[in-house]
Amino acid sequence: MSRVEVSVKPSLPDPRGEALKADIRDLGIGTVQQVRVSDVYLLEGDLSRKELETICRQLLADPVVEDYSTAESPPTPPDAHAVEVAYNPGVMDPVEESVSKGILDLGVKHIDSVKTAKKYYLSGNLSASDIELISSKLLVNSVIQHVVTSGEKAALPPASYSFSLEKVELLTLDDGGLTELGREKLELNLDELKQIQGYFARIGRNPTDIELETLAQTWSEHCKHKTFSSRIRLGEEVIDNLLKSTVMRVTEKLAKPWCLSTFKDNSGVIDFDGRYALCFKVETHNHPSAIEPYGGASTGLGGVIRDPLGTGLGSKPIANTDVFCFAPPDFPHDKLPPGILHPRRILKGVRAGVADYGNRMGIPTVNGAILFDDRYLGNPVVMCGTIGIMPKEAAQMGRQKPGDLVVVVGGRTGRDGIHGVTFASALLTGESEETSASSVQIGNAITEKKMIDVLLKARERGLYRRITDCGGGGLSSAVGEMAAETGVKVDLEKVPLKYSGLSYREIWLSESQERMLLAVPPESAKELIGLFASEDVEATVIGQFTSDRHLKLLYQDNLVCDLDMEFLHHGLPQSERKAVWQPVKHSEPDFAEPPDLAEDLKRILGSWNVCSKEWVIRQYDHEVQGGSILKPLSGINNDGPGDAAIVRPLLDSDRGVIIACGINPKYGDIDPYWMAASAVDEALRQIIAVGGNLKRVALLDNFSWGNPEKPDRLGGLVRAAQGCADIALAYGAPFISGKDSLYNEYQTGTESICIPPTLLISAMAVMEDVSKAVSMDCKKEGDLIYIVGTTCDELGGSHYYGLHGAIGNQVPRVNPEKGKKLMDSLSAATEKGLVKACHDLSEGGIGVAAAEMAFAGGLGITLHLDKVPLGEAIARNDTILFSESNTRFLAEVAPEDRERFEQAMKGITFAATGEVNKSDKLEVYGLKGEKIVAAPLAELKEAWQKPLGW
Amino acid sequence: MAKVKTLILRAPGTNCDEETTFAFEQAGSAVELAHINRLVGGDTSLSRYQIVVIPGGFTYGDDISGGKILANELKLKLGGDIQRFVERGGLILGICNGFQVLVKAGILPPVENGQRLTLSGNDSNRFECRWVYLQIDPKSPCIFTKGISAMYLPIAHGEGKIMAEKETLDKLNVVARYADEKGDIKAGYPHNPNGSADNIAGICDATGRIFSLMPHPERFIRWTQHPRWTREAPRQHGDGLGIFLNAVDWVKHS
């Protein structure tokens, strides 16, 4: 084996080392002087001296800025501590594959394997415990990595596997035994296991391990959404199927002709322009991100990208979205419970995972949000979305014929993510870090990119009849679901493997990323496999669809699984769930109105939720594909907070798609119903604010909730589902897809920390003419600032109350009948070109929106609160300035357009409440004409940019 | 007269091929996309085209370093074809990852004895996506920038910092330098987004026919791609289009 260490020339600065040094200082270790980082490559294979030199000079080391060493163990500088970190066995660093390819290109044929590692040289006055702290907090995640003590091997000796069929004694188990089996291995409850026991009793034999696990996976919360389809008792009310009776009901009732495919495929599909269709899916990847942020988030994004790819006959991804919820980055290290990564590390890891994967895929990340709450400490929420475009005729899910071949394409199968699905349906515990290691992997974006490039060609040539993605549940879910109506026979030993030694069970259950499943007519197989080969992507026939409606799995001709599809997919008993909803009474804050509100405004602008996310946004490529019309950042310095993003998927067309999202867990602490209503309203507001309309808006729901077996959590979930359904129906916006992630609780000892009720509403709207788009930044002095909508005393769950240590009870409500009229009128005015800037009012109300419009446009704004239309008598300026009432906007209108604008808004609540000027200040006058805010824009902007200005 | 033919080279991880295709089509060229395997396998050949483009992306994940693996592939498997293509008077454009590839393949700047210039990690140690102002060096022989004095374009990269010894830098044909909106090339970060030596954003060879830059001209073809199009006076085209028009016109008139 040869060892190569590549490092930046000592005479040059090492940016990676510098960045790490800053992180070490953040840990409170100020004595660190210098940090240098080396890349280590371990090459297995008998290489001559000359070959090794060639590899180093021509491939591994940059001749201008890097040095390399081929010494067994290069000397550590006297003043430095060296820490070498390598991946655990089975964890694949994508770089290894590229290096092997690069070596082959050099003409070196006999390279067996490549392994990578990193070596850190830390100098300064550092104690052993400092090094230990740095390693555990910054350098190593024990889930996937370890510190190299003695010599690291390039590869484990190839493991071998010899077949033996594993049977499980089920028929003789009593209730106690079944319960144990369910808890220990399968995450199934007693009722479910009794059904399974009954099935095998009927066919007169015990199950094999793989049969039992296939059932467990197919029946898991993650795949079957048991809670949303269960019979729920909430007081007197009985809800037979929460999903059907809420979000899906909206879609049915509205019956929009432009909804092409909803709730049945891997994503929801709508008509874009008569020729093309758009599809949209948002997925959660919370638990993996909690224990390995980078890998968890990258595979989360990689997974959701495959949803549009696996929708209809396949679509091309055109945009990504991401919404994260973390504990505050300044959470004290010493208060961190065991087994939990610090929120700052989770934030940085998740951001990096999403950026590295999305950027490599060449998909712009255009919209999202980041929210913070202490209760996300042990269980962050990571939601990634992807929008795809396809020809309209490819929009419907395909149908295979018996005799069609089962073809797996893309990446190879390894031991990755075994039990990922059941893991996702379980609670996190202090041991999660150890026990769940195999559930986490590192994504390989290039494998997926290669696969997508060829898949879209294969679609154009019509080489397959049906496609789906291999996501949670791996082949088990993908094959099982695709073959539900026909039946299938799979030869598991034909599945291409990353390394030897996998059992038939591991092959079937593996959740290795970057794989898709196709149903291919036998006559097209040769051409399809050839096409994939032409771009170095593997496509392998692993079985054949049958007509017997049985799931038959063989390994080396041994039958290891034979399940009736009817039982597999319809045998799951509907569960009964009890829910309770007790409105909580929070104390109302009691404090005198501050005479000067500038300080409170700055504190809200500087709060984690409201502050600028530019540090994150700039590290995403939001321009790739050239379609961005409204970017995430806008204004005179390209740094103001845009409301929704607009993307033009067809560069020669003027049609666009508007992408928006609404979320505010704080309201859920008062009433999840109005939290959900507000989320829908917010997503729609953003669409209107950028110049869109409500004619063709499709919604997605993503619920991240606690343990639904606890009646109070479930009660809130029911309220939220009803809330978003009622409001969406009234606004005429159908849901086209959704996802729920439950059991988001973190156990420490006896204590169970539940995340705040978290509902993300994502929206996509078709925009006929992108040249009508409006940005949120103020445009010109002398223009009028209108407030559109009604302001009420609704500070419950607001940032302002948060500042004053209270939650309150007056949660913002929504009147969608009035709201729809208002949004229709405002978009009509925008359509006529009467609105020069528009910003939706959400967190921080009028105060925050006005400040953002002003500093984004580099122009002052003067506001008069006595002009603001109120829904009830309000005596306090702070209430009016910071109320978070829904369905409100600030709109900038040129004086010469005053009449036309007011004409267009006839019958709507609105008022001219201020003007744009050159003062470089935000000035607000109160109800009695007194000055309550006079703040230089520079100060407001600084407060807003500082927190995440990393 | 037959249409100018442009080849856009694809490799695993290429991701700016479609907008680059659009840009050349807007400039009046016929465009074909070819995967590197088709060139190596002889299914198509550079000799059929007048313009060859290596577009942006993360070829092979930018593993080891940006563009490195594709650079070796070009050098080792297509070196001769590329040399003949250049001698025949063809144009080569490298954008972002394409710039890294051409540098590390020793095609631009052409190497006499070993690669002397490189593109390494940004000073900020992060990938950044932002818009930058460019000043075009009036002395530059570059045919792609003829008649252009300044541009405003987006960058999106993590490894765009030009590094080389002084004598190598002195010999460079610098085409574009990062600047601020007033054209000051000494404005520093973030105007120079990566810490590039001498604020260099793009270079060409002595003939002006091989040109590479880190910013993305293909992302600013239509005015509505400008980050401030909603607040500034509309213009006919994006600044990037000129690069592609120049290339196509040059081929037509030579």
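The side chains of Asp671(A) and Arg719(A) meet in a salt bridge with an N to O distance of 2.5 Å, a salt bridge being a side-chain nitrogen of Lys or Arg within 4 Å of a carboxyl oxygen of Asp or Glu. Because Asp671(A) lies in the loop between helix H24 (665-668) and helix H25 (672-689) of chain A, while Arg719(A) belongs to helix H26 (residues 711-731) of chain A, the pair ties together parts that are 48 residues apart in sequence. Helices (H or I, at least four residues) and strands (E, at least two) are DSSP runs, numbered from the N terminus. Asp671(A) is buried, with a relative accessible area of 11%; buried means under 20% relative accessible area, exposed over 50%, and partly exposed in between (1.4 Å probe, protein chains only).

This is a predicted model, in which local features need pLDDT of at least 70 and side-chain atom pairs count only at pLDDT 80 or more, whereas totals for chains, interfaces and linings use all residues. Residues are numbered from 1 along each chain as its sequence is written, chains are lettered from A and ligands numbered from 1 in the order in which they are written, and side-chain values use heavy atoms, with hydrogens and water left out.

The structure holds 79 salt bridges over all chains, and three of chain A are set out here.

| Acidic residue | Basic residue | Closest N to O distance |
|---|---|---|
| Asp671(A) | Arg719(A) | 2.5 Å |
| Glu506(A) | Arg415(A) | 2.8 Å |
| Asp491(A) | Lys494(A) | 3.2 Å |

In the salt bridge between Glu506(A) and Arg415(A), distant parts of the chain are linked, since Glu506(A) sits in helix H19 (residues 504-509) of chain A and Arg415(A) in the loop between strand S15 (405-410) and helix H15 (420-424) of chain A, 91 residues apart. Glu506(A) is buried at 14% relative accessible area, whereas Arg415(A) is partly exposed at 32%. Asp491(A) is likewise buried, at 9%, and its partner Lys494(A) is partly exposed at 42%. A network of salt bridges also links Lys449(A), Asp453(A), Lys457(A) and Glu535(A) with Arg10(B) and Asp17(B).

Turning to the chain as a whole, the secondary structure of chain A comes to 32 helices and 39 strands. Its radius of gyration is 29 Å, close to the 30 Å that the globule rule gives for 950 residues, so chain A is as compact as a globular protein of that length; the radius is taken over C-alpha atoms, and the rule is 2.2 Å times the number of residues to the power 0.38. Of the 950 residues of chain A, 66% count as buried.
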